[in-house]
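Reader: Please take a close look at the largest cavity of this protein. How much space lies in it, and which residues line it?

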Amino acid sequence: MTAGSQVDIAIVGGGLVGASLACALAPLIRQRGLSVAVIEAAAIPDPNVTSWQPSFDARSSAIAQGSAERFRAMGVWQSMAEQAAAILRIHVSEKGRLGVTRLTAAELDQPALGYVLPNAWMGRVLHRRLAELPLEWHCPASVEAIVPEAQGYRLTLSDGCTLQAGLTVLADGGRSGLKEQLGIGSDSASYDQVALIANVETSHPHDGVAFERFTREGPIALLPLPGQQMALIWTHPVGREKARMALSDGDFLAELQQAFGDRIGRFRRVGSRHAYPLTLVTAREAIRPGLAVLGNAAHSLHPVAGQGFNLALRGVTDLVAALEQSLANGDPLGSMLTLRDFEARRIVDRHQVIRFSDGLVRLFGIDSGLLSHARAAGLVGLNLFGPLRRGLARRAMGLER
């Protein structure tokens, strides 16, 4: 590895979004000789050496059917599917109201509405794929300085290397200081909510059903995992989560049972609990000459609709499509012509998903008797009106845009 090198693309962040982008670029790397560097701050275990032992406490993500197809196109879905739990049905309800909406994979003629996978397993599969590519890999390393130049950016890394990149992609999450270093601001709106996340075990098989239950405190989501385990995302008003974080496992499960009901029997076990504040964050700039922003660095959503990572993965696909067009036209990868093409592909999808997830949270967060009846009627109507329900489902699955 040289102290200084020139690359076509530098990807800052080797997590799920950055690694997905690098995998999606594989055809361009091999067919067009594209040079790509990936910079990741956290040390990553060798994916070909460490044996995989699923943990009850492993954090997971829900990916839509469309995202699974994108992973299939990258050549990694077959391996990912080994640890995937299929979502065959979705059950949406509001506590204390009769309205219910049910969505099924069968009515959409799809093998699944989506899948739930351990984040660590997705990362392992993606990094195993990256190990097969001729990438310039900097790990563990962070970007200490990023400076715009005439033909891209110069990146100074903590491992002593310097990169000259025609296109730099920020995919390093929502807590990176690089956006601020570049003067890219973000708009944020707190939901005054905290997500309490844990894995639970149920007495009844979940049969591939994902539940979204709206309560006066906030939504409760339960996503299927292998066996009789489910991933819990329980939304609380800020401050109220502290008491539940301090409860014994038995008392916590009793309160969850009371809030959710007995649709899947009794909650028998809970793993370690984690709490995260929920805020809608959107970067004010997604592109600049020689720069693109992806994933949580570009937008952080409420988890109510499970769209955050799926939105980011569609961004990966659109960026690669814009780069392919740029190469075909002979344009520089970091030119504004290329990046405006990318942004044009993203803007409608991003706006619609943010508006939908944000609106859903705010609609069900209003405590009004009249509105509660209207919501219940809406859920009943949505369940009865098949074409509308199926259309919304296909959009959420990433099959229509």
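Author: What follows describes the cavity and its lining, after a few words on the protein around it. The model is a predicted one, and its secondary structure comes to twelve helices and 20 strands. Of the 401 residues of the protein, 51% count as buried, and, among contacts with a separation of 6 or more, 74% are accounted for by residues 24 or more positions apart. On the outside, the accessible surface of the protein comes to about 17500 Å², with 53% of that area belonging to carbon and sulfur atoms.

Turning to the interior spaces, the count comes to two cavities of 30 Å³ or more, and the largest cavity holds about 80 Å³ of space. Its lining is made up of 13 residues, and those that lie nearest the centre of the largest cavity are Val 293, Leu 294, His 299, Arg 346 and Arg 350. When the lining of the largest cavity is sorted by class, seven residues are nonpolar, whereas three are polar and three are charged; Val 293 and Leu 294 belong to the nonpolar class, His 299 to the polar class, and Arg 346 and Arg 350 to the charged class.

As for the elements that contribute, α9 (308–329) and α10 (336–364) each supply at least two residues of this lining. Of the elements, α10 gives the most to the lining of the largest cavity, with four residues, and Arg 346 and Arg 350, both named above among the residues nearest the centre, fall within the span 336–364 of α10.

Conventions:
Residues numbered from 1 in each chain as written. Predicted model: local features only at pLDDT ≥ 70, side-chain atom pairs only at ≥ 80, totals over all residues. Heavy atoms only, no water. Buried < 20%, exposed > 50% of the residue type's maximum accessible area, 1.4 Å probe, protein only. Contact = heavy atoms within 4.5 Å. Areas by Shrake-Rupley, 256 points an atom, 1.4 Å probe, with all protein chains shown as cover. 1 Å grid on protein atoms, 1.4 Å probe; cavity = no way out; pocket = protein on both sides within 12 Å on 5 of 7 lines; lining within 4 Å. Points joined across faces, edges and corners; volume = space filled by probe spheres on them.
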